[in-house]
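Keep the viewer open and follow the stops in order. Each stop names a selection and then describes what is there.

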Amino acid sequence: MPPVIGVDFSKISAQEALETLKSDINQGLTQDDVESRRAEYGENVLEEKRINPLLKFMSYFLGPIPWMIEVACIFSAIIRHWEDFGIILFMLLINAGVGFWEEFKASNAIEALKKKLAPTALVLREGKWQNIEARALVPGDMIKLQMGHIVPADVKLLEGKQLSIDESALTGESLPVDKEALDMAYSSTVVKLGEMKALVTATGSKTKFAKTAELVQKSETPAHFQKMILKIGHFLIMVTAVLAVIILIVAWLRGNSLVETILFVLVLTVAAIPVALPAVLSVTMAVGAWRLSKMEAIVTRLVSIEEMAGIDVLCADKTGTLTQNKLVLGDPVVVEAKDAQEVILMAVLASHLEGDDPIDNAVVQGLKDRSHLDPYKITDFKPFDPVIKRSWAEVQPKEGPKFVVTKGAPQIILKLVSPDEALQHKVEDAVIEMASRGDRALGVARQSNFGKWQYLGVLPIYDPPRLDSKETLRDAKDKGLQIKMITGDHLAIAKEIAKQLDLGENLVVADTVFTEDAMAENGKLIERIEAADGFAQVLPEHKFRIIQLLQSRNHIVGMTGDGVNDAPALKQADVGIAVSGATDAARAASDLVLMAPGISVITRAIEEARRIFERMTSYATFRIAETIRVLLFISLSIFIFNFFPITAVMIVLLSILNDVPIMTIAYDNAPIAPKPVRWQMPRILTISSTLGLMGVIETFLLLLIAKFLLHLPVDTLKTFIFLKLLVAGHMTIYVTRNVGNIWDKPYPSWILITAAETTQIIGTLAAVYGWFIPPLGWPLALLVWGYALVWLLIENYVKIGTYRLLLAKGRTISLPWLFGPKPHKAN
């Protein structure tokens with residue numbers, strides 16, 4: 001029978017572990033044992049819930065927005081407007097295809113996590129050592145871990161030399177961790193030094209590493225962009241439906257032709273439903289993504305651009321993001337050496353000049369001139385041994401006798417020297433000082449001619465900040481972002497880095513925040529997290545929870561990271577940002593992947609995102625205003641005068657000509673908001689409704705002039721109103737594109753102006769010469785243009801007045817940037 005797994009192997013002896021797993025330290029498992037356990041526990045791989053791709057694709061045709069577009073598609077078929085039918089169907093397929101592709105790319109996070117698992121393992125079975133695929137391991141297997149191995153499963157170390165293990169994949173700690181017999185080692189960590197025999201205690205989804213993958217699968221953050229589209233869609237549909245019902249009721253009461261009325265209402269409904277809304281906003285974001293790619297920032301989830309504009313909290317992983325994830329040598333403390341360079345030179349002689357040991361590499365890089373090594377020849381060398389905690393070398397100089405140099409743990413080096421009290425205090429004070437900064441200390445000593453040891457000095461080793469980190473974080477703060485550093489490293493290291501980067505002093509240890517008492521009082525827990533400047537000794541589940549709690553407080557959260565341990569938080573964040581050199585898992589879980597070294601591109605990406613947000617807001621405001629303008633004007637004309645002010649053909653033509661300039665909004669010049677921005681639907685609906693009602697008033701007034709002063713024939717009157725709706729509607733784009741005067745900077749882009757004016761000219765020529773509609777003539781056309789220009793100025797000042805009124809009522813934050821996070825209520 002397979003053993004029962006469920007004990008804490010870190011708290012029991014080696015013999016108890018072997019008995020629990022029914023294994024033999026000298027023989028390993030038998031083939032029968034392996035087969036029965038694989039049947040019980042499965043293969044050593046991560047589990048993943050898979051959805052049929054076809055079903056996944058079909059799911060994008062379900063939901064309020066797809067249903068709305070599908071209804072418009074059906075209506076177009078009913079009234080036999082096949083051009084509209086084809087365009088709407090194409091938009092529906094494009095929206096579904098883009099959504100499916102983005103989801104497909106996001107699912108690669110789990111696959112990247114799988115690649116991180118070790119492909120092979122050295123295992124003892126039936127008394128023989130053999131290399132097998134790591135996926136074939138089962139609980140109870142005996143394996144051998146050596147330098148360079150990726151630990152293939154969770155194991156209990158049993159016998160052999162100590163190991164130095166890089167656990168950054170799990171904890172984010174920048175320095176290797178020393179392991180001894182009876183310690184636990186975890187899947188996907190890397191053996192840097194040493195060799196030990198170990199007992200497999202957990203495989204596949206039961207490993208500690210698997211919790212990271214599970215968190216990635218659980219991560220789900222609905223986009224504010226999607227919510228906004230739904231709100232706009234619901235509003236327009238509600239307005240359209242109410243007016244359509246009223247039109248039908250009035251027509252029925254008046255005895256008008258219901259067939260003709262229904263046909264007109266269907267055309268009106270198709271024109272009013274914002275079928276292009278998702279597509280236009282997606283194009284706007286796609287253009288932004290292309291511009292970000294020029295900055296070597298790759299967008300993997302399109303809607304994250306909108307989220308990026310609203311980031312008000314940036315959680316920055318320390319190791320590899322704020323820091324270089326590369327150990328470097330600090331300024332040595334000289335004890336008995338001539339100077340600092342002598343301490344470094346002797347330490348280099350006791351190091352591998354070429355190798356994978358990060359500490360040796362840091363020491364070697366600290367030597368300014370390699371030519372200083374030329375007078376010395378290494379006759380014997382022993383690399384760092386975790387048991388004696390030092391390395392040493394026998395050196396023959398060109399002139400003088402042989403000597404021995406050693407470097408390692410400062411206290412071990414002290415024992416070699418047999419120091420007096422003064423020397424001991426000097427070394428201990430240096431070590432304490434380095435520890436307070438979070439630096440790792442190395443003692444360096446020399447034995448001349450095999451005589452007395454001489455303590456040369458103490459070397460600090462640390463992971464320095466990236467060159468652009470301080471400036472980038474300062475820039476981010478200036479843009480209204482709160483910065484919170486997150487690290488798996490010790491609190492002392494976190495405080496030192498925070499000090500160097502001016503991040504604040506309120507740094508807390510994650511375990512002291514996520515206590516049982518704190519978890520029971522969720523409100524106080526969130527307040528502590530909001531108040532903290534950073535978190536130390538953090539596990540992946542802590543990062544994930546920190547992001548969730550901040551989001552629950554209505555924050556839009558960005559997260560930077562580079563390791564596997566960052567993947568869950570990167571995916572849960574509203575915007576996950578993988579820095580240059582990040583693991584495949586981190587990149588796959590992220591929304592923005594930085595390809596160039598440094599993080600300064602983050603603030604530039606936020607600037608671009610805020611420009612894009614301005615463009616999307618401009619379009620949303622314009623689209624709602626135009627819908628209200630056309631629908632309400634036509635409805636009032638029917639109610640009051642009992643006639644259709646424009647024909648169904650004119651409605652379709654108006655819709656087509658409007659689509660051209662609004663697509664170019666994606667290329668418009670837009671200002672950069674100085675603070676985070678949010679979708680504020682009350683503001684958007686207020687401004688767009690005000691402009692829409694202004695449009696109704698000005699158009700209805702022109703209708704009265706045309707009907708009672710100019711006495712225009714009905715057909716000419718309809719063309720007259722059509723041209724007014726077209727020209728004034730296009731001019732409204734200039735009104736909605738900013739919150740100030742239409743002539744304020746930044747000016748409209750030449751692409752937007754060209755598209756708007758070209759379609760206005762085409763529409764004017766169609767009205768003047770009677771293309772598809774009754775002819776109007778130049779005098780009346782010029783009258784419409786003059787009338788529209790006068791009202792353009794009136795709309796401009798009404799818009800500014802409305803913004804000021806909203807500000808006075810406290811509906812927005814500040815002028816000219818009337819966006820921003822809504823204040824939350826304290827629990």
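How many cavities of 30 Å³ or more does the count come to? The count comes to 3. A cavity here is a set of points, on a 1 Å grid over the protein atoms alone, where a 1.4 Å probe fits but cannot get out; lining residues have an atom within 4 Å of a point. Grid points are joined across faces, edges and corners, and a volume is the space filled by probe spheres set on the points.

This is a predicted model, in which local features need pLDDT of at least 70 and side-chain atom pairs count only at pLDDT 80 or more, while totals for chains, interfaces and linings use all residues. Residues are numbered from 1 along each chain as its sequence is written, and side-chain values use heavy atoms, with hydrogens and water left out.

**Stop 1: a cavity**

Select E614, T617, T736, V739 and Y803, which lie nearest the centre of the second largest cavity, among its 11 lining residues. The volume of this cavity is about 60 Å³. Helix 26 (residues 601-641) gives the largest share of its lining, 4 residues; helices (H or I, at least four residues) are DSSP runs, numbered from the N terminus. The lining of the second largest cavity has 3 nonpolar, 5 polar and 3 charged residues. In that split, Ala, Val, Leu, Ile, Met, Phe, Trp, Tyr, Cys and Pro count as nonpolar, Asp, Glu, Lys and Arg as charged, and the others, Gly among them, as polar.

**Stop 2: aromatic rings**

The structure holds 9 aromatic pairs. Rings of Phe, Tyr and Trp (its six-membered ring) pair if their centres lie within 6.5 Å; planes under 30 degrees apart count as stacked, over 60 as edge-to-face and the rest as tilted. Select W743 and Y797: the ring centres are 6.3 Å apart and the planes are at 65°, so this pair is edge-to-face. W743 is in the loop between helix 29 (714-736) and helix 30 (750-769), and Y797 is in helix 31 (residues 778-808), 54 residues away along the chain. With a relative accessible area of 43%, W743 is partly exposed (buried is under 20%, exposed over 50%, partly exposed in between, with a 1.4 Å probe and protein chains only).

Next, select Y769 and W771, a stacked pair at 6.5 Å centre to centre with 25° between the planes. W771 is partly exposed at 41%.

Then select F633, F641, F700 and F708, which form one aromatic cluster. Add K707: its charged end sits over the ring of F641, 5.6 Å from the centre. K707 also lies over the face of F643, at 5.3 Å from the ring centre. The criterion is NZ of Lys or CZ of Arg within 6 Å of the ring centre and within 35 degrees of the ring normal.

**Stop 3: salt bridges**

How many salt bridges does a search of the whole structure find? The search finds 27, each a side-chain nitrogen of Lys or Arg within 4 Å of a carboxyl oxygen of Asp or Glu.

Select R629 and E698, whose closest N and O atoms are 3.8 Å apart in a salt bridge. R629 is in helix 26 and E698 in helix 28 (residues 681-709), 69 residues apart. Both R629 and E698 are buried. Extend the selection to E626, K724 and E795, which are linked with R629 and E698 in a network of salt bridges.

Finish at R737 and D668, a salt bridge with its closest N and O atoms 2.8 Å apart. R737 is buried at 5% relative accessibility, and D668 is buried at 4%.

Terms used: On a 1 Å grid over the protein atoms alone, a cavity is a set of points where a 1.4 Å probe fits but cannot get out, and a pocket is an open set with protein on both sides within 12 Å along at least five of seven lines; lining residues have an atom within 4 Å of a point. Helices (H or I, at least four residues) and strands (E, at least two) are DSSP runs, numbered from the N terminus.
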